[in-house]
Each structure stands twice: as C-alpha cells, then as structure tokens.
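I sat down with my notebook to look around one protein. Here is the model I had open on the screen.

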Amino acid sequence: RLQFAVDGNAFEYIPNNTETDNADGKIWEWFDQPITEADKELITALANAKSAKVKLIGRQYYDTKNLSKEQITSIKQTIDLYTALGGKF
C-alpha cells in the first residue's frame, strides 16, 4: 500500500495486485491498474501539489520518498495528456 502526504493532507492507496522481485539485495514491488473515480481526489492533489511525499509499504519493508518538483510536474503532464486523449476518472 502507499500512503501520501500532499500539502499536509493524508491519502492512502491500496493496489489490487502487487508484483514482487528482488536481486542484489534490492526489492522491487510494482503494480499496473487503471485509475478510477475513487482515485480522482488523490491524483488531482498530486498533480497540483506544492509538496508531496509517499510512503511505500511492502510486505516486509517500507520506504518514504519525497516527490521532486519535476516528478509532480510529470504527474500533472501525464494527467493532462490522459484527459486530452479522452480519459475519464
């Protein structure tokens, strides 16, 4: 699961199916699923954030990362493209 702090507001996201792999002492966990109406508040907050961080909580470990201004801008650009191509929440 992922916990977000976006401009002082807390959000949680729990993906449906997470894949896991590891090599050289590093662990990767990822998922790929469509966004839905339930995700709109989080996605909009991230796209317009002044500051944001995410806590990635795996089965055995967790890590917290600050999102850079460039990452926040990329999220906004991705959502703008998604909606320009007809994507809907």
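My entries follow, from the overall fold down to single residues.

**Entry 1: the overall picture**

I note at the start that this is a predicted model. I counted the elements and found two helices and six strands. Reading along the sequence, I wrote down the pattern β-β-β-β-α-β-β-α. I then looked up the extent: the C-alpha atoms fill a box of roughly 40 × 25 × 20 Å along the principal axes. The protein has 89 residues, and 22% of them count as buried. The exposed area comes to about 6800 Å², with carbon and sulfur atoms supplying 50% of it. I also checked how contacts spread along the chain. Among those between residues at least 6 apart in sequence, 45% join residues at least 24 apart.

**Entry 2: the core**

Which residues have the most contacts inside the largest nonpolar core? I found Phe4, Val6, Phe11, Leu42, Leu46, Ala52 and Leu67 in that role, in a core of 13 residues. Strand 1 (2–6), strand 2 (9–13), helix 1 (40–47) and strand 5 (52–57) each give at least two residues to this core. A general reminder I keep in the margin: nonpolar side chains in soluble globular proteins tend to be buried together.

I picked Val6 for a closer look. Leaving out residues up to four places away in sequence, I listed its contacts as Phe11, Ala45, Leu46, Ala49, Ser51 and Ala52.

**Entry 3: helix 1**

Next I asked which residues of helix 1 are buried. They are Leu42, Ile43, Ala45, Leu46 and Ala47. I put another general reminder beside this: an α-helix has 3.6 residues a turn, so residues three or four places apart point the same way. What covers the buried residues of helix 1? The cover includes strand 1, strand 2, strand 5, strand 6 and helix 2.

**Entry 4: the largest pocket**

I turned to open space. The largest pocket has a volume of about 600 Å³. Its lining is made of 22 residues, and Ile27, Glu29, Leu56, Ile57 and Gly58 lie nearest its centre. Strand 3 (19–23), strand 4 (26–30), strand 5 and strand 6 (62–67) are the elements that give two or more residues to this lining. Which element gives the largest share of the lining? I found that strand 4 does, with five residues. Sorted by class, the lining of the largest pocket has ten nonpolar, six polar and six charged residues.

**Entry 5: the second largest pocket**

The second largest pocket holds about 360 Å³ of space. I listed 16 lining residues, with Phe4, Ile35, Ile43, Leu46 and Ile75 closest to the centre. Two of these names were already in my notes, as Phe4 and Leu46 are among the residues with the most contacts inside the largest nonpolar core. Ile43 had come up too, as a buried residue of helix 1. Strand 1, helix 1 and helix 2 (69–84) each supply at least two residues of the lining. Helix 2 gives the largest share, four residues. By class I have twelve nonpolar, two polar and two charged residues in the lining of the second largest pocket.

**Entry 6: two threonines**

I looked up Thr73, which lies in helix 2. Is Thr73 buried, partly exposed or exposed? Its relative accessibility is 42%, so I wrote it down as partly exposed, given that this class runs between 20% and 50%. The C-alpha atoms of Thr73 and Ala49 are 9.0 Å apart, with their positions 24 residues apart along the chain.

Thr36 sits in the loop between strand 4 and helix 1. With 38% relative accessibility, Thr36 is also partly exposed. From Thr36 to Lys88 I read 7.9 Å, C-alpha to C-alpha, although the two are 52 residues apart in sequence.

**Entry 7: two positive phi values**

I keep in mind that most residues other than glycine have a negative phi. Asp7, in the loop between strand 1 and strand 2, has a positive phi of about 50° without being a glycine. Its relative accessibility of 36% is why I class Asp7 as partly exposed.

Asp24 is in the loop between strand 3 and strand 4. Its phi is near 50°, again positive in a residue other than glycine. Asp24 counts as exposed because its relative accessibility is 78%, and the cut-off for exposed is over 50%.

Notes: Residues numbered from 1 in each chain as written. Predicted model: local features only at pLDDT ≥ 70, side-chain atom pairs only at ≥ 80, totals over all residues. Heavy atoms only, no water. Core = buried A, V, L, I, M, F, W, Y, C linked by side-chain atoms within 4.5 Å. Buried < 20%, exposed > 50% of the residue type's maximum accessible area, 1.4 Å probe, protein only. Contact = heavy atoms within 4.5 Å. 1 Å grid on protein atoms, 1.4 Å probe; cavity = no way out; pocket = protein on both sides within 12 Å on 5 of 7 lines; lining within 4 Å. Points joined across faces, edges and corners; volume = space filled by probe spheres on them. Nonpolar A, V, L, I, M, F, W, Y, C, P; charged D, E, K, R; others polar. Areas by Shrake-Rupley, 256 points an atom, 1.4 Å probe, with all protein chains shown as cover.
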